[in-house]
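Got your viewer ready? Let's take a short walk through some aromatic side chains and see what sits beside them.

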Amino acid sequence: QVQLAESGGGLVQAGGSLRPSCAASAPMAHTFRTSALGWFRQAPGNEREFLADINWSGISRYYADSVEGRFTISRDNAKKTVHLQMNSLKPEDTAVYYCAGRRAPVSPVGPEAGSPGQYDYWGQGTQVTVSS
C-alpha cells in the first residue's frame, strides 16, 4: 500500500540542479494537510541521513547543515505534494532520496530532530546521481 511516491530523480553534472517531488496517496492523502513532512537520503553503506523538514503550514522549515543554502523544501497542500529543490549539486549528494510523513503537524525537535524513527510514512525512494 503505497502512501508516498517520489519522482524527479536522475543524473546531473556537478553544479547542476534537480527537483524531486513526492505525492501522497490514500490513506495518507486524507491527512496530508496536518502532516509534517521530511526528506532523507541514503547512500550505499551509509545510514539514512536527514536533509530537511517542513511543518503542516509550510511556514517552519529546518535543514541539515550539509544542505543548508543549497536545498529548499516546499509543499503544496492542495496538490498533496512535497518538493526538494536541489541546487549546486555535488558528487557527494549521490544517494537514494526518500520523502517521509508524520502523523503530527509539526516536525520533531530537540534530540529527536531529524530522526527517521519519528516518521510514519515513507516513499520507495528516487535515485539521484551527481557526476563530477
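Here are the stops, one selection at a time.

Keep in mind that this is a predicted model. Across the whole structure, a search finds five aromatic pairs.

**Stop 1: Phe-40 and Phe-50.** Select these two and show their side chains. Their rings form an edge-to-face pair, with 5.6 Å centre to centre and 75° between the planes. The pair links distant parts of the chain: Phe-40 belongs to strand β4 (residues 37-42) and Phe-50 to strand β5 (residues 49-54), 10 residues apart. Are these two buried or exposed? Both Phe-40 and Phe-50 are buried.

**Stop 2: Tyr-119.** Keep Phe-40 on screen and add Tyr-119. The planes of these two rings are at 80°, over the 60 degrees required, and their centres are 5.2 Å apart, so this pair is edge-to-face. Here too the pair links distant parts of the chain, 79 residues apart: Tyr-119 lies in the loop between β9 (95-101) and β10 (121-122), while Phe-40 is in strand β4. Colour by accessibility if you like: Phe-40 has a relative accessible area of 0%, and Tyr-119 has 5%. Buried means under 20%, so Tyr-119 counts as buried, and so does Phe-40.

**Stop 3: the cluster.** Now add Tyr-62 and Trp-122 to your selection. Ring pairs link these two with Phe-40, Phe-50 and Tyr-119 into a cluster.

**Stop 4: charges over rings.** Finally, select Arg-48 and Tyr-98. The charged end of Arg-48 sits over the Tyr-98 ring, 3.8 Å from its centre. Then select Arg-75 and Phe-32: Arg-75 lies over the face of Phe-32, 4.9 Å from the ring centre.

Methods. Residues are numbered from 1 along each chain as its sequence is written. This is a predicted model: local features need pLDDT of at least 70, side-chain atom pairs count only at pLDDT 80 or more; totals for chains, interfaces and linings use all residues. Side-chain values use heavy atoms; hydrogens and water are left out. Rings of Phe, Tyr and Trp (its six-membered ring) pair if their centres lie within 6.5 Å; planes under 30 degrees apart count as stacked, over 60 as edge-to-face and the rest as tilted. Helices (H or I, at least four residues) and strands (E, at least two) are DSSP runs, numbered from the N terminus. Buried means under 20% relative accessible area, exposed over 50%, partly exposed in between (1.4 Å probe, protein chains only). A charge sits over a ring if NZ of Lys or CZ of Arg is within 6 Å of the ring centre and within 35 degrees of the ring normal.
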